[in-house]
Amino acid sequence: MFESYDKKIEDLKEHFHFRSIKNFEKKEGKYIYVGGKKLLNLSSNNYLNFADCEEITEEFFEYAGGKYTFGSASARLLTGTLPVYKELENLICKLYDSEGTLLFNSGYHANVGINSSLADSGDVIFSDKLNHASIIDGMQLSKGKFIRYKHNDMENLETLLKRERANFKNAIIVSESVFSMDGDIADIKKLVELKKKYDCILVLDEAHAFGVFGVKGLGVCESIGIIKEVDLIVGTFGKAIGSMGAFVTGKKVLIDYLINKARSFIFSTALPPINIAFTKWIIENKLPNTYEKRMQMLALGKKMSSESHIVPFIVGENDKTVELSEILFQNGYFTLPIRPPTVPVGTSRLRLSLTADITEEDLAKLREILY
Ligand SMILES: Cc1ncc(COP(=O)(O)O)c(C=O)c1O
């Protein structure tokens, strides 16, 4: 039996799909240390450098003292809800002026929980073809049907809505706002128009936009003034916020439904209180001072022809992508090759993710090599 797994692994290696965990020696601001080499880290979601900043960690522990522990010991619905969890949920409600918020242990948990539970049998989910794996996994667990529309193609979505909507009871449209592997942005105004026209629930995953876009850092919906029109907004704390966990915020009836039906929420031990306190502390004390550097980061992304701070460099074949990543490594840049199944076959790429301290000068050599 084990030989069949050996064979599968050999196949992965042969096609440059094999993944292994790298051990890094150290992370220091925008740099990462691998094999004794100091490299500019272009593969991090730590967009505002909150995650591995020693001063921030020290400042937080000074504030937190011994108030918060490292274990919640229980799921939220059992004994896992201390005041700090509700305080963070209330803070998110206040920021978005929304009816309800629910914390999840990660963005993965949130998307699996939402997409598996909102669509019951007789319901349907319309999902962007390039939506994150966590959304796909959620839909696959759902009792409803799911239909994928061409990436960011609103005409295709409308064609499908026209053809299919009447065959189902509830309908959900789900999209990322900033797409994680392409860095482009969904046409959210059109999504809102279509969800109203075809009586659907709109769920937007702002994982890569929360803490980056908008004056308050609430995401693309804030920056285009459309928060109120979206039924559920998902945000993650593991990226720009430099912490861990996620939230979904929006209509109270949907939040109450998720508390009762989202299995990834119900059947998992809550995040540690110290982690929830850190997230809340960062959002209240650090995020408000980042507007300028967030805008600089987005401007640099724009200069590299992206709509966001995520800049894809599409190579095509797996082997060539791995080779290019190696060349950049030798020149002081850490970029990971992104291959199927993370991205569609034939679109293997380097995903350059900018963080707030990276300057144009830092990228001069990389631009020479790539462009
Ligand atoms: C669009 C999107 N949603 C959700 C997630 C999952 O978030 P988390 O890492 O908090 O599980 C990711 C992670 O990369 C993502 O890119």
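This section describes the salt bridges of a predicted model and the surroundings of one phenylalanine, Phe24.

The salt bridges in the model number 22. One of them pairs Lys251 with Asp231, with 3.7 Å between the closest N and O atoms. Lys251 is located in the loop between strand E10 (246-250) and helix H9 (252-261), and Asp231 in the loop between helix H8 (220-223) and strand E9 (232-236), so the pair ties together parts that are 20 residues apart in sequence. Lys251 is partly exposed, at 32% relative accessible area, whereas Asp231 is buried, at 6%.

A salt bridge within a single helix is formed by Lys252 and Asp256, both in helix H9 and 4 residues apart, about one turn of the helix. The closest N and O atoms of this pair are 2.6 Å apart. Lys252 is partly exposed, with a relative accessible area of 42%, and Asp256 is also partly exposed, with 32%.

Lys303 and Glu360 form a salt bridge with an N to O distance of 2.9 Å. This pair links distant parts of the chain, 57 residues apart: Lys303 belongs to helix H12 (residues 291-303), and Glu360 to the loop between strand E14 (348-353) and helix H14 (364-370). Glu360 is partly exposed, at 34% relative accessibility. Elsewhere, Arg76, Lys86 and Glu89 are joined into one network by salt bridges that share partners.

Phe24 lies in the loop between helix H1 (2-14) and strand E1 (26-28) and is partly exposed, with a relative accessible area of 34%. Beyond its neighbours within four places in sequence, Phe24 contacts Ile32, Tyr33, Val34 and Phe334. The C-alpha atoms of Phe24 and Val34 are 5.2 Å apart, with the two residues separated by 10 residues along the chain.

Terms used:
Residues are numbered from 1 along each chain as its sequence is written. This is a predicted model: local features need pLDDT of at least 70, side-chain atom pairs count only at pLDDT 80 or more; totals for chains, interfaces and linings use all residues. Side-chain values use heavy atoms; hydrogens and water are left out. Helices (H or I, at least four residues) and strands (E, at least two) are DSSP runs, numbered from the N terminus. Buried means under 20% relative accessible area, exposed over 50%, partly exposed in between (1.4 Å probe, protein chains only). Contact means heavy atoms within 4.5 Å. A salt bridge is a side-chain nitrogen of Lys or Arg within 4 Å of a carboxyl oxygen of Asp or Glu.
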